[in-house]
Amino acid sequence: MAPPAGGAPPPGGTPPAASPPGDPSALASKAKDALSKAGDVKDKAEQIRDTVEDLAPAEEEDDAQEPASAEVAPEREVVYVDYTQTWQETPSVPRRKTIIVTHVVHPPPPPRAAPKAKPPQRARGFLGFSARGTTTNYNPSAMMGARAGFTWNDRFRVGGVFYSLTARYAGAIVDSRGNELGLRMAYGGLLASWKLYQGRVMDVAMEGVAGAGAACISIDKRSVGRARCIEKVGLVSLEPGIEVGFTVADWARLGFAGGYRFVTREQWRAPNEFTLSGPYVGVNVDFGRFRRPGHK
């Protein structure tokens with residue numbers, strides 16, 4: 001069966017009748033609908049604004065309440081800070097006070113060593129001969145002598161000596177008749193010596209002789225032999241000097257001495273005048289034990 005002319009309406013209801021284009025009533029209806037929707041959008045926008053204002057911080061509210069007439073602050077220069085290189089300051093450590101306490105420990109005194117026994121005082125005897133060159137009455141002369149004594153600890157020497165004039169050179173003594181005469185002199189006394197330096201071989205000593213004797217003018221011009229004196233005087237002799245000695249063997253010592261002989265005597269009969277003082281140099285040869293123990 002054929003549908004009726006003009007077409008049947010779709011099932012489910014009858015659509016409204018379409019308004020003809022250009023109908024003023026239809027346009028007014030659409031305008032009302034648009035205005036109503038705009039009001040709804042406005043209401044929703046106000047609601048959203050109120051919600052945002054409620055969520056904003058209080059500082060923004062204060063800024064919002066500032067009067068609009070306030071001057072606008074000038075824009076600040078933007079500063080960029082690089083935090084890629086950072087460090088941590090070392091926390092300050094409180095200064096420590098160091099207290100040093102020194103303990104002085106006195107060690108016990110070391111045990112005293114037993115005192116060393118002093119070597120016994122040793123006295124060694126010696127015997128020797130001496131030859132001297134000197135002057136008498138300002139003329140060269142020679143004297144010979146002998147000496148003997150003891151040495152304590154190789155340091156101090158004491159003994160006795162005897163010297164005699166053995167030769168005179170030049171300066172002949174002539175009497176009123178033209179006879180040539182001789183001069184004789186001899187004395188003996190105490191010898192004392194103190195060593196200033198003691199070495200293995202060499203030593204230096206200060207020595208002295210104090211003696212007494214006599215001198216005479218003899219008929220015999222010789223200085224040795226029997227004395228036949230014409231005139232005789234007593235004398236005292238003091239002889240300070242220095243001796244340098246050399247120990248040439250355990251039993252022999254050689255010394256070289258020098259000094260001055262001071263002679264005081266009785267007065268010669270006038271017009272005689274003979275001077276007996278004068279310098280001297282000598283050689284001493286002693287025999288005994290001179291090497292100290294432990295020295296080779």
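Strands β2, β5 (180-198) and β6 (202-218) each give at least two residues to a nonpolar patch, and that makes a good place to start our walk through this predicted model. The patch lies on the surface and consists of Phe150, Trp152, Phe156, Trp194, Leu196, Tyr197, Val201, Met202, Met206 and Ile242, which together have about 940 Å² of accessible area. The largest share, 3 residues, comes from β5. Leucine 196 is a handy residue to pick out here: it sits in strand β5 and, with a relative accessible area of 52%, is exposed, because exposed means over 50%.

Let us turn from nonpolar side chains to charged ones. A negative patch on the surface is made up of Asp40, Asp43, Glu46, Asp50, Glu53 and Asp54. To find aspartate 54, look in helix α1, which covers residues 24-55. Its relative accessibility is 65%, so aspartate 54 counts as exposed.

What happens where opposite charges meet? Side chains of opposite charge can pair when their charged atoms come close. The structure holds 9 salt bridges, and a few of them are worth visiting one by one.

Begin with aspartate 154 and arginine 124, whose side chains meet in a salt bridge at 3.2 Å, N to O. This pair links distant parts of the chain: aspartate 154 is in the loop between β2 (139-152) and β3 (156-168), while arginine 124 is in strand β1 (residues 123-136), 30 residues apart. Both aspartate 154 and arginine 124 are buried.

Next comes the salt bridge between arginine 253 and glutamate 243, where the closest N and O atoms are 3.3 Å apart. Arginine 253 belongs to strand β8 (residues 252-265) and glutamate 243 to strand β7 (residues 229-249), so this pair ties together parts that are 10 residues apart in sequence. Here too the partners are out of the way: arginine 253 is buried, and glutamate 243 is buried as well. The two also take part in a wider arrangement, since Arg147, Arg157, Asp203, Glu243, Arg253 and Asp286 are linked in a network of salt bridges.

A third salt bridge joins glutamate 273 to arginine 265, with 2.5 Å between the closest N and O atoms. How buried or exposed is each partner of this pair? Glutamate 273 is partly exposed, at a relative accessible area of 44%, and arginine 265 is partly exposed too, at 24%.

Staying with strand β8, we come to arginine 261. This arginine is buried, with a relative accessible area of 0%. Which side chain does the side chain of arginine 261 contact? It makes a polar contact of 2.8 Å with the side chain of threonine 134, and the side chain of arginine 261 also reaches the backbone oxygen of threonine 135 at 2.8 Å. Elsewhere around this residue, the C-alpha atoms of arginine 261 and leucine 276 are separated by 8.4 Å, the two residues being 15 apart along the chain.

Our last stop is threonine 136, which is placed in strand β1. Threonine 136 is buried, and its relative accessible area is 0%. Its side chain has a polar contact of 2.6 Å with the side chain of serine 141, and another polar contact, of 3.2 Å, joins the side chains of threonine 136 and arginine 168.

Terms used:
Residues are numbered from 1 along each chain as its sequence is written. This is a predicted model: local features need pLDDT of at least 70, side-chain atom pairs count only at pLDDT 80 or more; totals for chains, interfaces and linings use all residues. Side-chain values use heavy atoms; hydrogens and water are left out. Patches are made of residues with over 30% relative accessible area and no salt bridge: like charges are joined within 9 Å, nonpolar side chains (Val, Leu, Ile, Met, Phe, Trp, Tyr) within 5 Å. Accessible areas come from the Shrake-Rupley method with a 1.4 Å probe; for residues, only the protein chains shown count as cover. A salt bridge is a side-chain nitrogen of Lys or Arg within 4 Å of a carboxyl oxygen of Asp or Glu. Lys and Arg count as positive and Asp and Glu as negative; His and the chain ends are not counted. The place of a charge is taken as NZ of Lys, CZ of Arg, CG of Asp or CD of Glu. Helices (H or I, at least four residues) and strands (E, at least two) are DSSP runs, numbered from the N terminus. Buried means under 20% relative accessible area, exposed over 50%, partly exposed in between (1.4 Å probe, protein chains only). A polar contact is a pair of N or O atoms within 3.5 Å; within protein, one must be able to donate a hydrogen and the other to accept it, and residues adjacent in sequence count only if both atoms are side-chain atoms.
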